[in-house]
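Here are my notes on the model you sent over, as numbered points. Have the viewer open while you read.

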Amino acid sequence: MSEIRNKDLWQSGQLKIDWVRAHMPLLNGLEQDFSKTKPFSGLKIALSVHMEAKTAYLCQVLAAGGAQMYATGCNPLSTQDDVAAALDHSGINVFALHAATPQEYEHCLEKVLEIGPNIIIDDGGDLVNLMLTKFRKLIPGVIGGCEETTTGIMRLQRLNDTKDLPFPMVLVNDAKCKHFFDNRYGTGQSVWNGINRATNLIVAGKTVVVAGYGWCGKGVSMRAKGLGAKVIVTEVDPVKAIEAVMDGFQVMTMEQAAPLGDLFVTVTGCDDVITEKHFALMKDGAILCNAGHFDCEVDVAWLEASAVSKVPARENIKAYKLASGKTLYVIAEGRLVNLAAGDGHPAEIMDLSFAVQIMSALCHSGPQCQISGRQSYRNPRPRGHAAECS
Ligand SMILES: NC(=O)c1ccc[n+]([C@@H]2O[C@H](COP(=O)([O-])OP(=O)(O)OC[C@H]3O[C@@H](n4cnc5c(N)ncnc54)[C@H](O)[C@@H]3O)[C@@H](O)[C@H]2O)c1
């Protein structure tokens with residue numbers, strides 16, 4: 001039933017899954033419990049998360065809990081074909097292709113929805129969006145779902161506001177155990193793994209411009225500083241901009257930063273952060289990449305349309321020569337650099353994030369289900385007792 005590039009790659013993918021399994025103790029524990037308790041028995045789960053080794057293990061833990069799993073990737077460049085093959089080899093239905101065209105990408109999302117899921121596990125909101133547009137007749141079968149990332153939550157919030165969300169979604173990213181660690185330390189480390197792997201250049205001494213000083217931007221900036229870069233932050237929220245100043249970074253607008261930067265990282269979850277007017281100001285040889293969920297933060301479409309030449313400069317890097325004579329380099333087509341040019345977050349980080357993801361999915365299974373209705377749910381935040389003044 002699976003649709004993957006090459007089933008013969010499974011042994012290489014299996015090694016990757018074995019490695020992460022050995023470094024994900026929370027998921028190990030849940031897998032052991034679930035193999036006895038089977039909390040997802042009889043439930044079909046449609047999952048769209050970056051199809052790499054940690055996600056494959058997440059699928060296997062849910063399957064150990066009795067779920068019928070149907071898995072796809074949430075980004076065409078982050079799918080690893082060998083991991084997809086290994087997951088298929090372990091008996092799970094996988095629909096994911098590395099470097100999928102937009103049509104192939106949507107086809108894979110459709111395949112996991114066609115089965116009529118009871119629970120949706122989404123990362124970025126594409127699966128829920130497709131359910132609400134093309135698969136409305138299957139909505140009554142959905143008990144609920146969970147959303148992994150900030151961008152997906154922003155999309156759910158809009159549906160919530162217009163009362164168009166037909167089933168409850170748990171906002172995994174809002175759990176402190178998610179964004180404190182995954183967005184900050186996970187993105188902080190893995191973005192630099194991706195950039196370093198793609199470029200093989202030194203970071204020390206370079207001027208790095210980080211757009212966005214949210215949870216991810218803080219991590220990316222902190223690690224850039226640790227690698228010896230001069231770090232400039234651009235941020236539209238004045239409070240976060242002050243926070244960046246207090247953390248020791250230079251803060252300015254992208255117009256001011258554009259001529260100074262050697263390497264640019266966008267991580268805002270918003271579009272058009274770096275556009276034509278900024279390209280015009282940049283140095284010859286500047287390198288650009290994105291770590292936000294969608295490939296709309298750097299205007300790669302403009303570079304594609306307007307460059308006088310575009311050639312591969314290195315695996316995962318494209319060189320755009322502009323009419324002005326200067327060349328700009330873009331890593332991984334402006335898609336999230338840590339997954340498209342690397343293996344994503346460290347296993348220990350995803351252990352925590354996926355444990356929250358699994359516990360959120362568990363909220364929807366069985367009679368103990370505590371959430372209902374048409375809205376999104378924040379993960380509970382424990383609070384201590386307020387100190388009492390005497
Ligand atoms: N690469 C990964 O592995 C990974 C991991 C987690 C989240 N994400 C994604 O990264 C993005 C950011 O997530 P987050 O949790 O840091 O969000 P966040 O909301 O905490 O931070 C985003 C920040 O960007 C700022 N911003 C918005 N538009 C801007 C602009 N034009 N210029 C400068 N700053 C701007 C906002 O004010 C905000 O402070 C989202 O798309 C999220 O889904 C990626």
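1. Let's start with I120, which sits in strand β4 (residues 119–122). Buried or exposed, and on what count? I120 has 25 other C-beta atoms within 10 Å, and because 20 or more is the cut-off, it is buried. Leaving out residues up to four places away in sequence, I120 touches A46, L127, V128, M131, V142 and G145. K44 is 76 residues away along the chain, yet the C-alpha atoms of I120 and K44 are separated by 8.8 Å.

2. Before going further, a word on confidence: this is a predicted model. The pLDDT averages 94 over the chain, and 94% of the residues score at least 70. The stretch to treat separately is 381–390, where the pLDDT is below 50. Beyond near neighbours in sequence, residues 381–390 have one contact in the model.

3. On the domains: the assignment splits the chain into domain 1 (7–178 + 344–378) and domain 2 (186–340). Their C-alpha centres lie 29 Å apart. How many residues of each domain are in contact with the other? The answer is 14 residues of domain 1 and 14 residues of domain 2. On the domain 1 side of that contact, α7 gives the most, with three residues. By type, the residues on this side of domain 1 come out as four nonpolar, nine polar and one charged.

4. Now the ligand. A shell of 28 residues surrounds it, and the closest are G212, G214, C216, G269 and H293. Where does the ligand lie relative to the two domains? Domain 1 and domain 2 both give residues to the shell, so the ligand lies between them. Three helices, α7 (150–161), α8 (176–199) and α9 (215–226), each supply at least two shell residues. If you are thinking about the chemistry of the lining, the shell divides into ten nonpolar, 15 polar and three charged residues.

5. G269 deserves its own point, being among the residues closest to the ligand. G269 belongs to the loop between β10 and α12. With 21 other C-beta atoms within 10 Å, G269 is buried. Apart from neighbours within four places in sequence, G269 is in contact with T150, T151, M154, G292 and H293. Of those contacts, H293 is also listed with the residues closest to the ligand. Another on that list is G214; G269 and G214 are 55 residues apart in sequence, with 9.7 Å from C-alpha to C-alpha.

6. Next, the eight-stranded sheet. It is open, with mixed pairing, and the strand order is β9-β8-β7-β10-β11-β14-β13-β12. Which strands stand at its edges? They are β9 (250–251) and β12 (309–314); each has a single partner strand, so one side of each is left without a neighbour in the sheet.

7. Some pairings to check in the viewer. Strand β7 (residues 207–211) runs parallel to strand β8 (residues 230–234), with five bridges between them, and T207 has K230 in β8 as its bridge partner. On to β10: β7 and β10 are also parallel, joined by four bridges, and A211 is bridged to T266 in β10. From β10, four bridges in the parallel sense lead to strand β11 (residues 287–290), where N290 is the bridge partner of T266.

8. The side chains of β10 are worth a look too. L263 and V265 point one way from the strand, F264 and T266 point the other way, and all are buried.

9. Last, two backbone angles. Most residues other than glycine have a negative phi. A99, however, has a positive phi of about 55°, and D272 likewise has a positive phi, near 55°. A99 is found in the loop between β3 (93–95) and α5 (102–114), whereas D272 lies in the loop between β10 (263–266) and α12 (276–279). How exposed are they? A99 has 13 other C-beta atoms within 10 Å and is partly exposed. D272 has 14 C-beta neighbours inside 10 Å and also counts as partly exposed.

Conventions:
Residues numbered from 1 in each chain as written. Predicted model: local features only at pLDDT ≥ 70, side-chain atom pairs only at ≥ 80, totals over all residues. Near = placed C-beta within 6 Å. Nonpolar A, V, L, I, M, F, W, Y, C, P; charged D, E, K, R; others polar. Domains from an automatic or database assignment. Buried ≥ 20, exposed ≤ 12 C-beta atoms within 10 Å, placed from the backbone. Pairing = 2+ DSSP bridges. Contact = placed C-beta atoms within 7 Å. pLDDT = per-residue confidence, 0-100.
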